[in-house]
Amino acid sequence: MLWLLSDLRRRDRFVADPDGRVQTTVEEILRTSAPAGLGLLRYAHEDVELGGVAIARSDAVLISNDAANRDGTKFADPDAFDPERKPNLHLSFGHGMHVCIGANLARTELRIVFPALFRRFPHLRLAVGLDDIKILTNQLTGGVDKVPVQW
């Protein structure tokens, strides 16, 4: 929600065609808001070298979905919020055998809630400045403490 409310032009573009823009907007929100934190613990299945660093089979490694989702070799202007980004093959829910079992449910919920909310409250906006919103850093999925709004 913060990605849409933090920029009124962005919000207004979404409100102008919520059903047409919801799918790409949701995917970009997922890409740009993957939790940063320390990363996900995994173990190497084989010896490999990445970026000049040798990783031995069974070594523990931390995987950062946030870093992967902002990789400049995979995403043009990776720090920009661009709902028209194509392709948008992010790793917010993991990949392969480690993909989040709730990924499809989360996508469905977001695709339903954003258009419904903005149809009901098309002028929804933040009631405080972005700097007044507390970012949660003590949870795996991140998030914010609360999002005060006006309509």
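Start by selecting helix 3, residues 18-32, in this predicted model; eleven of its 15 residues are buried, so helix 3 is largely enclosed by the rest of the structure. To see which residues these are, colour Pro-18, Arg-21 and Val-22, then Thr-25 and Val-26, and finally the run Glu-27, Glu-28, Ile-29, Leu-30, Arg-31 and Thr-32, which together make up the buried residues of helix 3. While helix 3 is still highlighted, look along it for a kink of about 30 degrees, which is centred on Thr-24.

Next, bring up the surroundings of helix 3: what covers its buried residues includes helix 1 (2-5) and helix 2 (8-16), as well as helix 4 (65-69) and helix 5 (103-120). Two of these covering helices each offer a residue to visit.

In helix 4, select Asn-69, which counts as buried because its relative accessibility is 1%, under the 20% cut-off. If you set aside its neighbours within four places in sequence, Asn-69 is in contact with Leu-30 and Arg-31, and also with Ala-34, Phe-75, His-90, Leu-91 and Ser-92; Leu-30 and Arg-31 are among the buried residues of helix 3 that you coloured earlier.

Then move to helix 2 and select Arg-10, a buried residue with a relative accessible area of 14%. Which residues is Arg-10 in contact with, leaving aside its neighbours within four places in sequence? They are Trp-3, Leu-4 and Phe-81. As a last stop, draw a distance from the C-alpha of Arg-10 to the C-alpha of Pro-83, where 73 residues of separation in sequence correspond to 9.4 Å in space.

Conventions:
Residues are numbered from 1 along each chain as its sequence is written. This is a predicted model: local features need pLDDT of at least 70, side-chain atom pairs count only at pLDDT 80 or more; totals for chains, interfaces and linings use all residues. Side-chain values use heavy atoms; hydrogens and water are left out. The bend at a residue is the angle between axes fitted to the seven residues ending there and the seven starting there. Helices (H or I, at least four residues) and strands (E, at least two) are DSSP runs, numbered from the N terminus. Buried means under 20% relative accessible area, exposed over 50%, partly exposed in between (1.4 Å probe, protein chains only). Contact means heavy atoms within 4.5 Å.
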